[in-house]
Amino acid sequence: MRTVIIFNPTAGRGRGETTALAVQENLKRSGHETELQPTAGPRDASRIAAEWGEVADVLVAVGGDGTI
């Protein structure tokens, strides 16, 4: 199963990438093929989701800063 993890690297006082890596590791243990996709600015998560929505089985948004 192909899973794309969309995350803001600056979320959580700069811990966004660390959190995304932890999510990625858990998903890999469950058999998911994962791809990390960091956001670079406002509305970037929507762009990434639209881009990957056709090829990914699962899209995961990691954040708490409005990314979801």
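A residue is called buried when its relative accessible area is under 20%, exposed when that value is over 50%, and partly exposed in between. Keep these cut-offs at hand for the exercises below. The structure you are looking at is a predicted model.

**Exercise 1. Sort Ala20 by its accessibility, then find its surroundings.**

Step 1. Locate Ala20: it belongs to helix H2.

Step 2. Apply the cut-off. The relative accessibility of Ala20 is 0%, so this residue counts as buried.

Step 3. List what touches Ala20. Once neighbours within four places in sequence are left aside, its contacts are Ile5, Phe7, Leu36 and Val62.

Step 4. Add a distance. Gln37 is 17 residues from Ala20 along the chain, and the two C-alpha atoms are 9.4 Å apart.

**Exercise 2. Describe the overall fold of the protein chain.**

Step 1. Count the elements: there are 3 helices and 3 strands.

Step 2. Put them in order. Going along the sequence, you should read β-α-α-β-α-β.

Step 3. Judge the compactness. The radius of gyration is 11 Å, close to the 11 Å that the globule rule gives for 68 residues, so the chain is as compact as a globular protein of that length.

Step 4. Give the dimensions. The C-alpha trace spans about 30 × 25 × 15 Å along its principal axes.

Step 5. Look at how the chain is tied together. Take the contacts between residues at least 6 apart in sequence: 66% of them join residues at least 24 apart.

**Exercise 3. Work out which face of helix H3 is buried and what it packs against.**

Step 1. Pick out the buried residues of H3, which are Asp44, Ala45, Ile48 and Trp52.

Step 2. Look down the helix axis. The buried residues of H3 fall within an arc of 100°, so they line one face of the helix.

Step 3. Recall the helix geometry behind such patterns. An α-helix has 3.6 residues a turn, so residues three or four places apart point the same way.

Step 4. Find the partners. Strand S1 (2-7), S2 and strand S3 (58-62) are what the buried residues of H3 pack against.

Step 5. Turn to the other face. The exposed residues Ser46 and Ala50 sit on the face of H3 turned away from its buried side. For Ala50, the relative accessibility is 58%. The C-alpha atom of Ala50 lies 12 Å from that of Gln37, 13 residues away along the chain.

**Exercise 4. Compare two residues of the loop between S2 and H3: which is buried and which is exposed?**

Step 1. Place them both. Thr39 is in the loop between S2 and H3, and Arg43 is in the loop between strand S2 (33-38) and helix H3 (44-52).

Step 2. Read the accessibilities. Thr39 is buried at 13%, whereas Arg43 is exposed at 74%.

Step 3. See what surrounds Thr39. With neighbours within four places in sequence set aside, Thr39 contacts Ile6, Phe7, Asn8, Pro9, Asp44, Ala45 and Ile48. Among these, Asp44, Ala45 and Ile48 are buried residues of H3.

Step 4. Check the backbone of Arg43. Its phi is near 65°, a positive value in a residue other than glycine.

**Exercise 5. Use C-alpha distances to relate separation along the chain to separation in space.**

Step 1. Start with Gly12, a residue of helix H1 (residues 11-14). Gly12 is partly exposed, with a relative accessible area of 40%.

Step 2. Pair Gly12 with Gly63. They are 51 residues apart along the chain, with 7.5 Å between their C-alpha atoms.

Step 3. Now take Arg29, in helix H2 (residues 16-29). At 58% relative accessibility, Arg29 counts as exposed.

Step 4. Pair Arg29 with Ser46. This pair is 17 residues apart along the chain, and the C-alpha atoms are separated by 27 Å.

**Exercise 6. Summarise burial, surface and charge for the protein chain.**

Step 1. Begin with burial: 32% of the 68 residues count as buried.

Step 2. Go on to the surface. The chain exposes about 4,300 Å², and carbon and sulfur atoms supply 49% of that area.

Step 3. Finish with charge. There are 7 positive and 9 negative side chains. The centres of the two sets are 8 Å apart.

How values were computed. Residues are numbered from 1 along each chain as its sequence is written. This is a predicted model: local features need pLDDT of at least 70, side-chain atom pairs count only at pLDDT 80 or more; totals for chains, interfaces and linings use all residues. Side-chain values use heavy atoms; hydrogens and water are left out. Helices (H or I, at least four residues) and strands (E, at least two) are DSSP runs, numbered from the N terminus. The radius of gyration is taken over C-alpha atoms; the globule rule is 2.2 Å times the number of residues to the power 0.38. Buried means under 20% relative accessible area, exposed over 50%, partly exposed in between (1.4 Å probe, protein chains only). Contact means heavy atoms within 4.5 Å. Accessible areas come from the Shrake-Rupley method with a 1.4 Å probe; for residues, only the protein chains shown count as cover. Lys and Arg count as positive and Asp and Glu as negative; His and the chain ends are not counted. The place of a charge is taken as NZ of Lys, CZ of Arg, CG of Asp or CD of Glu. The arc is that of the directions from the helix axis to the C-beta atoms.
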